Each structure stands twice: as C-alpha cells, then as structure tokens.
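I opened my notebook on this structure and looked things up one by one. Here is what I wrote down.

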Amino acid sequence: MLITSGDNLVTLINVFETKPEQQQALIDQWTRFTEVVKHEPGYLGTALHKSTDGTRVINYAHWRSQADFDAFLRRHGAD
C-alpha cells in the first residue's frame with residue numbers, strides 16, 4: 001500500500017497487543033480479513049507491521065473517505 005495524502009482520506013491505525021507465540025496467527029487472521037475488505041468501495045489498502053519482540057501488530061489502513069468507511073461499518077453491523 002502506498003502511503004498518501006488527500007483532503008478526504010481516512011487513515012486508521014490499530015495497535016494490537018499480543019503474545020510473541022501468537023503474533024503470526026494474528027497477522028494471518030488479519031490478512032484473511034483484509035482479503036475480504038479489499039473489495040469494499042473506498043478501501044485503498046492496508047499495511048501490517050509487527051514488533052520485533054512479538055508483542056504488537058500494527059494495522060495501518062487507508063479509506064478514500066469517511067463516508068466510505070462509515071458505509072462499510074453500517075453494512076457489517078458495526079455502527
């Protein structure tokens with residue numbers, strides 16, 4: 001995913017705490033989730049980052065606009 005700027009872009013940054021032995025499973029699960037989300041209108045991309053100590057995974061995602069992200073949440077029952 002290209003990090004970019006724009007007037008209406010929405011950037012989400014999620015920090016997940018995990019145990020080192022569970023870090024890869026979390027990454028795998030989030031990757032499967034993004035395979036579904038990538039077809040949503042307005043979704044631009046995701047970058048996952050993992051800490052070297054295995055205790056965190058950071059998701060950095062871009063949406064074209066707040067309206068696109070809000071519509072995604074409504075469609076999936078996350079008002």
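**Entry 1: the surroundings of F16**

I began with F16 and asked which residues it is in contact with, leaving aside its neighbours within four places in sequence. The list reads L26, W30, T55, R56, V57 and N59. I note here that this is a predicted model. F16 has its place in strand β1. I then took the C-alpha distance from F16 to V57, which came out at 5.2 Å. Along the chain these two residues are 41 residues apart.

Is F16 buried, partly exposed or exposed? Its relative accessible area is 23%, so I put F16 down as partly exposed. The cut-off for buried is under 20%.

**Entry 2: V15, next on my list**

V15 is also a residue of strand β1. I looked up its contacts, not counting residues up to four places away in sequence, and found R56, V57 and I58. V57 appears in the contact list of F16 and in that of V15. V15 has a relative accessible area of 47%, and I wrote it down as partly exposed. I also checked V15 against L48. Their C-alpha atoms are 10.0 Å apart, with their positions 33 residues apart in sequence.

**Entry 3: the order of the elements**

I stepped back to the whole chain. The protein chain has two helices and three strands. Read from the N terminus, the order is β-α-β-β-α. The chain has 79 residues, and 33% of them count as buried.

I also looked at how far the contacts reach along the sequence. Among contacts with a separation of 6 or more, 62% are between residues 24 or more positions apart.

**Entry 4: how the strands pair**

Which strands pair with β3? I found β1 and β3 paired in the antiparallel sense over eight bridges. β2 and β3 pair in the antiparallel sense too, over seven bridges.

I picked out some facing residues. T11 stands opposite H62 in β3. H49 has I58 in β3 as its bridge partner. Y43 stands opposite W63 in β3.

β2 and β3 form a hairpin with five residues between the strands. In this hairpin I noted G54, which takes a positive phi near 80 degrees.

Why did I write that β3 is largely enclosed by the rest of the structure? Six of its eight residues are buried, so the strand earns that note.

**Entry 5: aromatic rings**

How many aromatic pairs does the structure hold? I counted six. I looked at two of them. In each case I noted the distance of the centres and the angle of the planes, as a pair of aromatic rings is described by these.

The first pair I took was F16 and W30. Their ring centres are 5.0 Å apart and their planes stand at 55 degrees, so I entered the pair as tilted. It links distant parts of the chain: F16 is in strand β1 and W30 in helix α1, 14 residues apart.

My next pair was Y43 and W63. Here the centres are 5.4 Å apart and the planes are at 70 degrees, so this pair is edge-to-face. The cut-off for edge-to-face is over 60. This pair also links distant parts of the chain, with Y43 in strand β2 and W63 in strand β3, 20 residues apart.

I checked the accessibility of both. Y43 counts as buried at 14% relative accessibility. W63 is buried as well, with a relative accessible area of 2%. I then followed the ring pairs further and found Y43, W63, F69 and F72 linked into a cluster.

**Entry 6: the largest pocket**

My last search was for pockets. The largest pocket has a volume of about 190 Å³. It is lined by 14 residues, and the closest to its centre are L12, W30, F33, F69 and F72. W30 was already in my notes as the ring partner of F16. F69 and F72 were there as members of the ring cluster.

Which elements each supply at least two residues of the lining? I listed β1 (10-17), α1 (23-37), β2 (43-50), β3 (56-63) and α2 (66-75). α1 gives the most, with four residues.

I sorted the lining by class. It has ten nonpolar and four polar residues, and no charged ones.

Methods
Residues are numbered from 1 along each chain as its sequence is written. This is a predicted model: local features need pLDDT of at least 70, side-chain atom pairs count only at pLDDT 80 or more; totals for chains, interfaces and linings use all residues. Side-chain values use heavy atoms; hydrogens and water are left out. On a 1 Å grid over the protein atoms alone, a cavity is a set of points where a 1.4 Å probe fits but cannot get out, and a pocket is an open set with protein on both sides within 12 Å along at least five of seven lines; lining residues have an atom within 4 Å of a point. Grid points are joined across faces, edges and corners, and a volume is the space filled by probe spheres set on the points. Ala, Val, Leu, Ile, Met, Phe, Trp, Tyr, Cys and Pro count as nonpolar, Asp, Glu, Lys and Arg as charged, and the others, Gly among them, as polar. Rings of Phe, Tyr and Trp (its six-membered ring) pair if their centres lie within 6.5 Å; planes under 30 degrees apart count as stacked, over 60 as edge-to-face and the rest as tilted. Buried means under 20% relative accessible area, exposed over 50%, partly exposed in between (1.4 Å probe, protein chains only). Two strands pair if DSSP finds at least two bridges between them. Contact means heavy atoms within 4.5 Å.
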